[in-house]
Amino acid sequence: MPSMLCAHVPFSRLGESLDFLVERRLNPEIFLSAQMLEALVPEQVQAVAGALRANGLTATIHAPFIDLNPGSDEQLLREATRLRFRQVAEVACIIKPRVMVFHPGYDRWRYGERQESWLRHSIPLWREILDLTVDSGCTVAVENIFEEEPSTLVALIEAIDSPRFRHCFDTGHWNLFHKVSMEEWFSLLGPYIVETHIHDNAGTRDDHAPIGDGTIDFGTFFTLLAQYAPDAVWTIEAHSRENLERALQCLMPFI
């Protein structure tokens, strides 16, 4: 049984999704795109926070990620990333999410043997975001994206060395890029997992399909999750209402 069950919802669709979320007893994982952050005003965020509280819902937040990289060798890209991360941290201080998920930005095909450079550039921004979100009480979690194995995420989490800096395990991304088994991944990062993104694919594209529509062994996944991270937030990352409904039905045997 998850400690919290969430569904991916863009901020712009939160109002129209509220009744559905309440009916299904789902909490939103609010996705904030860069474009949305540019347009947001504090009154909008406060209204959302009030609506969530009034309906007994708790949120998580997914930060923007396209073209952002806190560990980039290019200073201008790091500054753009810093701006977006600071903006989403301001939203978190109003909504007070349980977890705030970020993409870490590492890709071995771009960085090659320069992992240490990426790590060195990343650390200051993550510490800044942790400082900015102390009052929100949220945990900052880095999600696996292109990682084939978990060493870069382990190095980052150990370097930050904070109980509020943890891991979000994405099942679909693991299936697309992994070079190690799920058991090995969990043996290294399982105790750090505070949230998981649950969706399926056949290993060829990021389909965000309901479990059972792809090749992921969810029996093994839920066994490992219960062993290493029984209190993790479960987030269904479906990109349509139809897939969300189907994903909920498929998830029931595991709840």
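These legends go with a set of close-up views of a predicted model.

**View 1. Helices α3 and α4 cross at an angle of about 40°.** Here we're looking at α3, residues 42-54, packed on α4, residues 75-95. Their axes are 9 Å apart. With an angle of about 40°, α3 is oblique to α4, and the crossing is right-handed. On the α3 side, the residues in contact are Pro-42, Val-45, Gln-46, Val-48, Ala-49 and Leu-52. They meet Val-91, Ile-94 and Ile-95 from α4. Sort this contact by class and you get 8 nonpolar residues, 1 polar and no charged.

**View 2. Helix α4 also packs with α6, residues 115-132.** The axes of these two helices come within 9 Å and cross at roughly 20°. An angle under 35 degrees counts as roughly parallel, so that is the label for α4 and α6. This crossing, too, has a hand: right-handed. From α4, the contact draws on Arg-78, Thr-81, Arg-82, Phe-85, Arg-86, Ala-89 and Cys-93. From α6 come His-121, Leu-125, Trp-126, Glu-128, Ile-129 and Leu-132. The class tally for α4 with α6 is 7 nonpolar, 2 polar and 4 charged residues.

**View 3. Helices α7 and α9 meet through nonpolar residues.** The pair shown is α7 and α9 (residues 182-189), whose axes come within 10 Å and cross at roughly 10°. They are therefore roughly parallel to each other. Leu-153, Val-154 and Ile-157 are the α7 residues in this contact. Facing them in α9 are Trp-185, Leu-188 and Leu-189. The breakdown is 6 nonpolar, no polar and no charged.

**View 4. Helix α1 has a buried set of residues.** Leu-14, Ser-17, Leu-18, Phe-20 and Leu-21 are the ones to pick out in α1 as buried. What do the buried residues of α1 pack against? Their partners are β1 (4-10), β2 (27-31), α3 and α11 (241-251). Gly-15 also sits in α1, which covers residues 14-24. Unlike the buried set, Gly-15 is exposed, at 64% relative accessible area. If you want a long-range marker, try Gly-15 and Leu-153: they are 138 residues apart along the chain, and their C-alpha atoms are separated by 35 Å.

**View 5. Arg-25 and Asp-161 have positive phi values.** Arg-25 follows α1 and belongs to the loop between α1 and β2. Its phi is near 55°, a positive value in a residue other than glycine. Arg-25 is exposed as well, with 73% relative accessibility. Now move to the loop between α7 (151-160) and β6 (165-170), where Asp-161 lies. Phi of Asp-161 is also near 55°, and this residue is not a glycine either. Is Asp-161 buried or exposed? At a relative accessible area of 64%, Asp-161 is exposed.

**View 6. Pro-230 sits in a loop between α10 and β8.** The loop runs between α10 (218-228) and β8 (233-236). Pro-230 is partly exposed, with 47% relative accessible area. Which residues does Pro-230 contact, leaving aside its neighbours within four places in sequence? They are Met-1 and Leu-225. For a sense of scale, Pro-230 and Ala-59 are 171 residues apart in sequence and 19 Å apart in space, C-alpha to C-alpha.

**View 7. The disulfide count is 0, with Cys-168 and Cys-250 shown as cases.** A disulfide is a covalent bond between the sulfur atoms of two cysteines. To be counted, a pair of cysteine sulfur atoms has to be within 2.5 Å, and the count comes to 0. For Cys-168, which is in no disulfide, the nearest cysteine sulfur belongs to Cys-6 and is 10 Å away. Cys-168 is buried, at 0% relative accessibility. Why is Cys-250 without a bond to Cys-6? The closest cysteine sulfur to that of Cys-250 is the one in Cys-6, and at 19 Å it is too far for a bond. Cys-250 is partly exposed, with a relative accessible area of 27%.

Terms used:
Residues are numbered from 1 along each chain as its sequence is written. This is a predicted model: local features need pLDDT of at least 70, side-chain atom pairs count only at pLDDT 80 or more; totals for chains, interfaces and linings use all residues. Side-chain values use heavy atoms; hydrogens and water are left out. Axes are lines fitted to C-alpha atoms, for helices over the stretch in contact, and angles run from 0 to 180 degrees between N-to-C directions. Helices (H or I, at least four residues) and strands (E, at least two) are DSSP runs, numbered from the N terminus. Angles under 35 degrees count as roughly parallel, over 145 as roughly antiparallel, 65 to 115 as roughly perpendicular and the rest as oblique. A crossing is left-handed if the near helix is turned anticlockwise from the far one by less than a right angle, and right-handed if clockwise. Contact means heavy atoms within 4.5 Å. Ala, Val, Leu, Ile, Met, Phe, Trp, Tyr, Cys and Pro count as nonpolar, Asp, Glu, Lys and Arg as charged, and the others, Gly among them, as polar. Buried means under 20% relative accessible area, exposed over 50%, partly exposed in between (1.4 Å probe, protein chains only).
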